[in-house]
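Biologist: Got a minute to go through this model with me? Let's pull it up and start with the pocket.

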Amino acid sequence: AVNFADVERTVDIPLSMVKSRWGDSTKVEANDVWARSGRSYKGHIRATIQPHDTVLLQLTQPRAG
């Protein structure tokens, strides 16, 4: 996600925009490639992006077990 604005932005990205079969109950692990941090999300991703910055996330689904 890219923020072209001059102010910080928080965006919500439905997981269905990433993969059409993912929905509100889908759980993913999102690893920030540059910050080397991660967290879990369900149904959507919420990211706060600084002015003129980019957030790059690698998404994986936890294995059922």
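Biologist: Which residues line the largest pocket?

Modeller: Keep in mind that this is a predicted model. The lining of the largest pocket is made up of Ala 30, Asp 32, Ser 37, Gly 38, Arg 39, Tyr 41, Ile 45, Arg 46, Ala 47, Thr 48, Val 55 and Leu 57.

Biologist: Which elements give two or more residues to that lining?

Modeller: Those are strand 3, strand 4 and strand 5 (44-49).

Biologist: What's the volume of the largest pocket, and what's the lining like by class?

Modeller: The volume is about 160 Å³. The lining has six nonpolar residues, plus three polar and three charged ones.

Biologist: Okay, on to the sheet. What's the strand order in the open sheet of three strands?

Modeller: The order is 4-3-7, and the pairing is antiparallel. Strand 4 (37-42) and strand 7 (57-60) are the edge strands, each pairing on one side only. On average, neighbouring strands are turned by 25° against each other, ignoring direction.

Biologist: How many bridges join strand 3 and strand 7?

Modeller: Four, with strand 3 covering residues 27-32. As for Asn 31, its bridge partner in strand 7 is Gln 58.

Biologist: Switching to backbone angles: what's phi at Arg 36?

Modeller: Near 55°, so positive in a residue other than glycine. Most residues other than glycine have a negative phi.

Biologist: Where is Arg 36 found, and is Arg 36 buried or exposed?

Modeller: Arg 36 is in the loop between strand 3 and strand 4. Arg 36 counts as exposed because its relative accessibility is 76%, and the cut-off is over 50%.

Biologist: And what about His 52, where does that one lie?

Modeller: His 52 is in the loop between strand 5 and strand 6 (53-54). Phi of His 52 is also positive, near 55°, and His 52 is exposed, at 54% relative accessible area.

Methods:
Residues are numbered from 1 along each chain as its sequence is written. This is a predicted model: local features need pLDDT of at least 70, side-chain atom pairs count only at pLDDT 80 or more; totals for chains, interfaces and linings use all residues. Side-chain values use heavy atoms; hydrogens and water are left out. Two strands pair if DSSP finds at least two bridges between them. Axes are lines fitted to C-alpha atoms, for helices over the stretch in contact, and angles run from 0 to 180 degrees between N-to-C directions. On a 1 Å grid over the protein atoms alone, a cavity is a set of points where a 1.4 Å probe fits but cannot get out, and a pocket is an open set with protein on both sides within 12 Å along at least five of seven lines; lining residues have an atom within 4 Å of a point. Grid points are joined across faces, edges and corners, and a volume is the space filled by probe spheres set on the points. Ala, Val, Leu, Ile, Met, Phe, Trp, Tyr, Cys and Pro count as nonpolar, Asp, Glu, Lys and Arg as charged, and the others, Gly among them, as polar. Buried means under 20% relative accessible area, exposed over 50%, partly exposed in between (1.4 Å probe, protein chains only).
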